[in-house]
Amino acid sequence: MVKNGEQRVGSKGAGLFKGLGITLSTMTKRSITEQYPDVQPELPPRSRGVIALLEENCTSCMLCARECPDWCIYIDSHKEVIPAAEEGGRERSQNVLDRFAIDFSLCMYCGICIDVCPFDALFWSPEFEYSEFDIRNMTHEKERLGQWMATVPPPPALDPAAAEPKELLGVRKKAEAATLPIEPASDS
Ligand code: SF4
Ligand code: SF4
């Protein structure tokens with residue numbers, strides 16, 4: 001028992017000295033002042049600045065709005081019937097997005113909405129200069145969320161050793177099959 005207690009005191013002492021060492025080394029370093037807004041900060045490309053919406057991909061499934069812990073995503077949609085493509089076929093119905101808005105005065109930038117979207121309709125943009133004097137303007141409607149798409153960085157390059165993504169593999173196989181020479185029919 002005494003031995004365990006001594007070990008605990010020893011480890012606490014080591015932690016204290018380690019902490020003091022870090023404090024001293026930081027104190028002796030020159031402080032650097034970022035000259036923002038005169039000089040733009042160099043942010044990592046995947047910084048969480050604002051959320052962009054790719055409206056074409058959104059199916060109004062409401063998953064992001066339901067999972068958002070702050071309830072700051074507002075979606076309105078209606079259903080439209082699409083006539084059958086062929087005679088005798090079945091009509092289909094699809095959701096049409098009327099409103100998609102995010103209130104960035106409530107958003108805590110957790111990224112859950114982006115992670116749960118099954119249709120790749122939401123993306124992080126590193127843009128962060130959208131503060132407002134009126135808090136109501138912090139709610140970005142779908143048009144403004146769509147404009148942020150232009151600032152979304154491209155995805156990182158694939159690992160050259162990684163397997164070909166199945167979506168690309170399927171497209172490539174179809175393209176190769178379409179360009180194959182047609183074999184002449186046999187006479188028999
Ligand atoms: S980042 Fe988080 S808090 Fe913000 S809208 Fe998405 S789910 Fe909601
Ligand atoms: S952004 Fe994604 S999760 Fe949200 S409603 Fe549209 S498709 Fe569904």
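Here are four short exercises with worked solutions on this predicted model.

**Exercise 1. Work out the strand order of the open sheet, and find which strands stand at its edges.**

Start with the order. The open sheet has three strands, arranged β2-β3-β5, and the pairing is antiparallel. Now look at the two ends: β2 (73–82) and β5 (139–140) each have a single partner strand, so one side of each is left without a neighbour in the sheet. Those two are the edge strands.

Next, zoom in on one pairing. β2 runs antiparallel to β3 (residues 92–103), and 10 bridges join them. For a handy register check, find H78 and look across: V96 in β3 stands opposite. As a reminder, strands of a sheet pair through backbone hydrogen bonds, either parallel or antiparallel.

**Exercise 2. Track down the cis peptide bond that involves P37, and place P37 in the chain.**

First, the bond itself: going from Y36 to P37, omega is near 10°, and the peptide bond is cis. Then the location: P37 sits in the loop that lies between α1 (2–27) and β1 (50–53). For context, most peptide bonds are trans.

**Exercise 3. Take W71 and Y109, and decide for each whether the residue is buried, partly exposed or exposed.**

Begin with W71. Its loop lies between α2 (63–67) and β2, and phi of W71 is near 50°, positive although the residue is not glycine. Count the neighbours: W71 has 10 C-beta neighbours inside 10 Å. The cut-off for exposed is 12 or fewer, so W71 counts as exposed.

Move on to Y109. This residue belongs to the loop between β3 and α3 (112–116). Phi of Y109 is near 60°, again a positive value outside glycine. The count here is 13 C-beta neighbours inside 10 Å, so Y109 counts as partly exposed. To put both phi values in context, most residues other than glycine have a negative phi.

**Exercise 4. Describe the shells around ligand 1 and ligand 2 by residue class.**

Take ligand 1 to begin with. It is surrounded by 13 residues, and the closest are C68, C107, C110, I112 and C113. Sorted by class, the shell around ligand 1 holds 11 nonpolar residues, one polar and one charged.

Now ligand 2. The residues around it include C58, C61, C64 and C117, along with M62, L63, I75, F119, A121 and L122. T59 and S60 also belong to the shell around ligand 2. The class split for ligand 2 is 10 nonpolar, two polar and no charged residues.

Methods: Residues numbered from 1 in each chain as written. Chains lettered and ligands numbered in written order. Predicted model: local features only at pLDDT ≥ 70, side-chain atom pairs only at ≥ 80, totals over all residues. Near = placed C-beta within 6 Å. Nonpolar A, V, L, I, M, F, W, Y, C, P; charged D, E, K, R; others polar. Pairing = 2+ DSSP bridges. Helix = DSSP H or I, 4+ residues; strand = E, 2+ residues; numbered from the N terminus. Buried ≥ 20, exposed ≤ 12 C-beta atoms within 10 Å, placed from the backbone.
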